[in-house]
Every structure is written in C-alpha cells, then in structure tokens.
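Trainee: I have a new model open and would like to learn how to read it. Could you take me through some features?

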Amino acid sequence: MAEIEVGGVKLHVQRLGDSPREVVFLHGLVMDNLSSWYFTAATRVATSRGVLLYDLRGHGRSKRPETGYRLEDLVAELLGVLDAEGVERAHLVGNSFGGLLAVAFALAHPERVASLFLVDALLPTAGWGERMVGTLGLTGDARDATIGRLFENWLGRHSERKRNKLAKQASALVEGTTLLADLRGSASFAPDALEALTMPIRAIYGAESDVLPDGRLLAEHAADVSLTVLDGCSHSVMWEATEAVVSGITGWLAR
Amino acid sequence: MSREQTLRTLAGFIAEVLDDELDDDLDIDEDTSFSDDLELESIEFVALAELVQSHYGDHVDFVGWISNLELDAIIGLSVGDVVDFIERSVEAG
C-alpha cells in the first residue's frame, strides 16, 4: 500500500494516471474515505489527468492519531501531502467536508490552488463545526441512521461484516480521538473573507440539502463561482446524482 | 501463465488485503463474489486494485478497466470477472 508520512502520521495515498499529478480529491468526514472518489470520478479523470487521492488522518487506511483534527491541522496535512507529492498547483475536488477543507486550504494557500470543484460543501463560517456534527449525524441514533443511508447509497447491499467494521471505525474516530472537540474548536472565517477566493470555482448542491445556503453564500462572495443546484437531491448529492457530479468534474477539468 | 495461476495470485492478494479477517472455511474460486462472499469494503477493493496493478504492470490496466464500469457493476464483480480481465490483458499484451 502506498503511504507517505505527513506531520508524523502515515497516510494512505493513491496515485492514478500519469504525472504531473494536478487533480487532488478530498473525501468527507468520518464515514468516508478515498474509495468514494476512486470508484466515481477519480479513475475516470485519471484517463486524461494525473490524480492524487489520500485518506485523511483517522480515515480509510491512514493512521488514526488521537489528536490533530482541527481544520488548521487538516489544512497543514493537505499542504504536506502536496509538498510530498510534488504538486505545485492543484485542482481540488471536495465532497461535503472535503469541500470545506478545499475552501479553507484555498484561503490559506491560494497560490497552490488552480481551481475548486465543490460538492455540497459546508463553508468554514462561524459555527461550522457544530453544524458539521449535526449534518453528518456523528453520534448516537443519528450515526446508525447515517450508516444505514451509506449502505443504500454506496455499499449496495447489507453485510454484517461491513456494517460492523464501518461502525467500529466511526466510533473509534468519534469517541477515541479529539475529533468532535477539534471540529468545534476550529478556526472559522467571516463571509467577507470568501472574497479573497479569486480562482475559478464550480459548486454543485442538492436543492433539498441543509447545506445549500453555504453554496449561495459562496456564490455571493467569491469572485468566480458557477453554482448548480440539483432538484430532488439532498446532502448526499454525490450518490443521488453520481453521473451529473462525475460528468460535471470531467467537463470542468477539460475546459 | 495458466488461468489457475492467475486465480491463485488473485486469491493471495485478497488474503493480503483482508489480512486475518478472511474466513478460513471460504475457498476462493471464480464464482466468489467480492461483495456478497468476501464482503470486501470499497477501500479494501482499492487496496486490491493497487496490488493487482503493481504485480502485472502497465499492460494490465486495472484502473482503466474500473473507470469504465458503473458502480453497480463494480459491486457485482466476481473473482472470475477479474481473472477474465487479467487473462484478456495478458494475452493482448
């Protein structure tokens, strides 16, 4: 398994297509990992562009340190990944929290970002950590419901082993690390700060998503945003309209 | 390279990915399903793809093959489907 060490943490990476790697995919929080991008857009994009995927710390096949889950830690981790892989400027593609990470990274290191493609991304505005915990349903009954939804969306069919493993991993991350406290204690930005985002941005949101106001806020403040709202889709737009998202990404990168 | 050899190579990679979680009673053959029988998680399938790709090299374009399959088709893959693909690629290469 391809691994790199960033900030003392071993991270699982996947390099697809030929060098130079210039498209970097960022997955969502807790019950997600790089495989969701791998099996949707990443392999498709890799037929024409160099692609890099990695599992965020605590996710997938990366190591799970007890601490270091604040947004600023994960921005530093992404910077370390780009440096380690020799990616000078990246097209960042992020789903849900991966989109929030992409935006925070673009605010901190605009010179390293060629463009952003965001799928139902939360924005790092005041109180985002609390909203994230609520939106994802990371604790208690809400977590079980989220796991159930994931099975419908992605894993396709029920399997005790997968269900148990997923639940075990999720609880180890939520209960065995400082993740929730770190999310709530992370940096946030005033909406005006989004005006510093001058790179081209494409954003897809679900019309029924509780995160849609974030998409509208982004379109209002950032310089160059093309916003698409898909009818009948929720926060899980990536699974509800996979083909629209994937062809949106390939079209965006081919422009 | 015989088809049987390819199957054994693939079975070895599956055991490596699943580490000690592979059911001892399960004999991997061409009908074995990744999702239903092996209960492979998606991230484990990524790890398997990496092992296959690095073992067979460029003339077996496993990632390219996956990129042409719909999600449902990937979930429905059997071990024999992957053996087929490897055999086809090796013959063509």
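**Reading the model together**

Mentor: Gladly! Let's begin where the chains meet: 16 residues of chain B are in contact with 23 residues of chain A. Keep in mind that this is a predicted model.

Trainee: Which helices of chain B each supply at least two residues of the side that touches chain A?

Mentor: Those are α2, α3 (62-67) and α4 (71-75) of chain B. The largest share, five residues, comes from α2(B). By residue type, the side of chain B that touches chain A divides into eight nonpolar, four polar and four charged.

Trainee: Let's stay with α2(B). How do I read the way α1(B) and α2(B) pack?

Mentor: Start with the angle and the spacing of the axes. Helix α1 (residues 3-18) and helix α2 (residues 42-56) of chain B pack at about 135 degrees, with their axes 9 Å apart. An angle over 145 would count as roughly antiparallel, and 65 to 115 as roughly perpendicular; α1(B) and α2(B) are therefore oblique to each other. Their crossing is right-handed.

Trainee: Which residues make that contact?

Mentor: From α1(B), look for Thr9(B), Phe13(B), Ile14(B), Glu16(B), Val17(B) and Leu18(B). They meet Glu44(B), Ala47(B), Leu48(B), Leu51(B), Val52(B) and His55(B) of α2(B). The residues of this contact divide into eight nonpolar, two polar and two charged.

Trainee: Now to chain A. In what order do the strands of the sheet run?

Mentor: Follow the neighbours across the sheet, rather than along the sequence. Eight strands of chain A form an open sheet in the order β1-β2-β4-β3-β5-β6-β7-β8, with mixed pairing. From one strand to the next, the twist averages 25 degrees.

Trainee: Why is one side of β1 and of β8 in chain A left without a neighbour in the sheet?

Mentor: β1 (3-6) and β8 (225-230) of chain A stand at the edges and each has a single partner strand, so one side of each has no neighbour in the sheet.

Trainee: What does mixed pairing look like strand by strand?

Mentor: Compare two pairs. β1(A) and β2(A) (residues 9-16) pair in the antiparallel sense over four bridges, and Val6(A) stands opposite Val9(A) in β2(A). β3(A) and β4(A) pair in the parallel sense, over four bridges; there, Val23(A) has Val51(A) of β4(A) as its bridge partner.

Trainee: Is β3(A) mostly covered or exposed?

Mentor: Mostly covered: five of the six residues of β3(A) (residues 21-26) are buried.

Trainee: And which helix lies across β1, β2, β4 and β5 of chain A?

Mentor: That is α2(A) (residues 71-84), which runs at about 125 degrees to β1(A).

Methods
Residues are numbered from 1 along each chain as its sequence is written. Chains are lettered from A and ligands numbered from 1 in the order in which they are written. This is a predicted model: local features need pLDDT of at least 70, side-chain atom pairs count only at pLDDT 80 or more; totals for chains, interfaces and linings use all residues. Axes are lines fitted to C-alpha atoms, for helices over the stretch in contact, and angles run from 0 to 180 degrees between N-to-C directions. Angles under 35 degrees count as roughly parallel, over 145 as roughly antiparallel, 65 to 115 as roughly perpendicular and the rest as oblique. A crossing is left-handed if the near helix is turned anticlockwise from the far one by less than a right angle, and right-handed if clockwise. Two residues are in contact if their C-beta atoms, placed from the backbone, lie within 7 Å. Ala, Val, Leu, Ile, Met, Phe, Trp, Tyr, Cys and Pro count as nonpolar, Asp, Glu, Lys and Arg as charged, and the others, Gly among them, as polar. Two strands pair if DSSP finds at least two bridges between them. A residue is buried if 20 or more other C-beta atoms lie within 10 Å of its own, exposed if 12 or fewer, and partly exposed in between; C-beta atoms are placed from the backbone.
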